[in-house]
Amino acid sequence: MGRKIGVGVIVLAIIACIALLIQSINSGDTDSSVWFKFVLVLASLAVSLVKLLSGTGGGRRSAGFYLKAYENMIGGAFANDQKNLVTLGKALRAYNENRYESAIAILEKLKKSCTNTAERRTVGLFEGLCYTDWGLLHKAAEVYSGLIERGEVNFSVYNNLGYVYKNMRKNDEALDAFERALDYGEGTDACIVYVNMASLYLVEGELYAAEDYAKKAIGIEPKLHQAHAMLAIVYAVLDDAEAHERHFRIAVENGENEYDLKMAVKDYTDRFVTEE
């Protein structure tokens, strides 16, 4: 249940318990055993209320939950170091609770305990994510660039750096990072890169390059709505009505917001008409 509802229920239970105690006292039915039971119940309710108000109860995810959720990114890091693995879980919990400063502080301390490349890369990846979601893109770029300089790289390092550069509007640097990510990724990973590159080329007005990479993504994930949406935009600009309508329909059927896509198509077609 929601925290407010939980607090309300517990408070009502405490009030009811006190009311029953007062009624028992007025009726003269109280003895030591009754008092003891009332004290136990009230103490239990009070503990539950404190936990709920402090955020240590009421459905807060454990550190272990986040270790499980991110196990693909963590890989074998800290596999033989349970203490530091738990510390990483605490950092991930802080990150998912939007407590970025706390998460980074934990990761900075954890960094000193890293003994191999996998551990340093994992800590760096999550530190970069914290800075990215916190809006400190330059700091995120520094973290990922540092991993690259030390040779602590994988697909996620380059792909995440490309995403950061893309949001910094450093498109050339973003494309370079995405290209390097392809050296480390295949299948779904490659599909992610193709979509990112198609999006960048579309922004740059490179319609045929955008078309090419969107098609590469669809070759891996045939129903990927992001790729079909980009093709719908490309073909609208190229005035290929049949292809535009086909990809527009597939994009919407697979999760693309119809209104947003219509607005994007209008924005791009207006932009290219203006440029011409």
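These legends walk you through a few close-up views of a predicted model.

**View 1. The whole protein is built from helices, without strands.** The model holds 15 helices and 0 strands. Of its 276 residues, 42% count as buried. The accessible surface comes to about 15700 Å², and carbon and sulfur atoms supply 53% of that area. Among contacts with a separation of 6 or more, 52% join residues 24 or more positions apart.

**View 2. The largest nonpolar core brings together 77 residues.** If you would like some landmarks, look for Ile74, Phe78, Leu88, Leu92, Phe126, Tyr144 and Leu202, the residues with the most contacts inside this core.

**View 3. Phe78 and its partners from beyond the local sequence.** Neighbours within four places in sequence are left aside here. Phe78 then touches Asn84, Leu85 and Leu88, along with Leu110, Cys114, Glu119 and Val123. Two of the names in this view, Phe78 and Leu88, also appear among the residues with the most contacts inside the largest nonpolar core.

**View 4. Two cysteines, Cys114 and Cys130, are both buried.** Cys114 counts as buried because its relative accessible area is 12%, under the 20% cut-off. Cys130 has a relative accessible area of 1%, so it is buried too. A search of the whole structure turns up 0 disulfides.

**View 5. Some stretches call for a careful eye on confidence.** Mean pLDDT for the protein is 85, with 78% of residues reaching 70 or more. Over residues 32–37, however, pLDDT stays under 50, and the model has 5 contacts beyond four places in sequence there. Residues 54–58 also stay under 50, with 6 such contacts.

Note on methods
Residues are numbered from 1 along each chain as its sequence is written. This is a predicted model: local features need pLDDT of at least 70, side-chain atom pairs count only at pLDDT 80 or more; totals for chains, interfaces and linings use all residues. Side-chain values use heavy atoms; hydrogens and water are left out. A disulfide is a pair of cysteine sulfur atoms within 2.5 Å. Buried means under 20% relative accessible area, exposed over 50%, partly exposed in between (1.4 Å probe, protein chains only). A nonpolar core is a set of buried Ala, Val, Leu, Ile, Met, Phe, Trp, Tyr and Cys residues joined through side-chain atoms within 4.5 Å. Contact means heavy atoms within 4.5 Å. pLDDT is the predictor's confidence in each residue, from 0 to 100. Helices (H or I, at least four residues) and strands (E, at least two) are DSSP runs, numbered from the N terminus. Accessible areas come from the Shrake-Rupley method with a 1.4 Å probe; for residues, only the protein chains shown count as cover.
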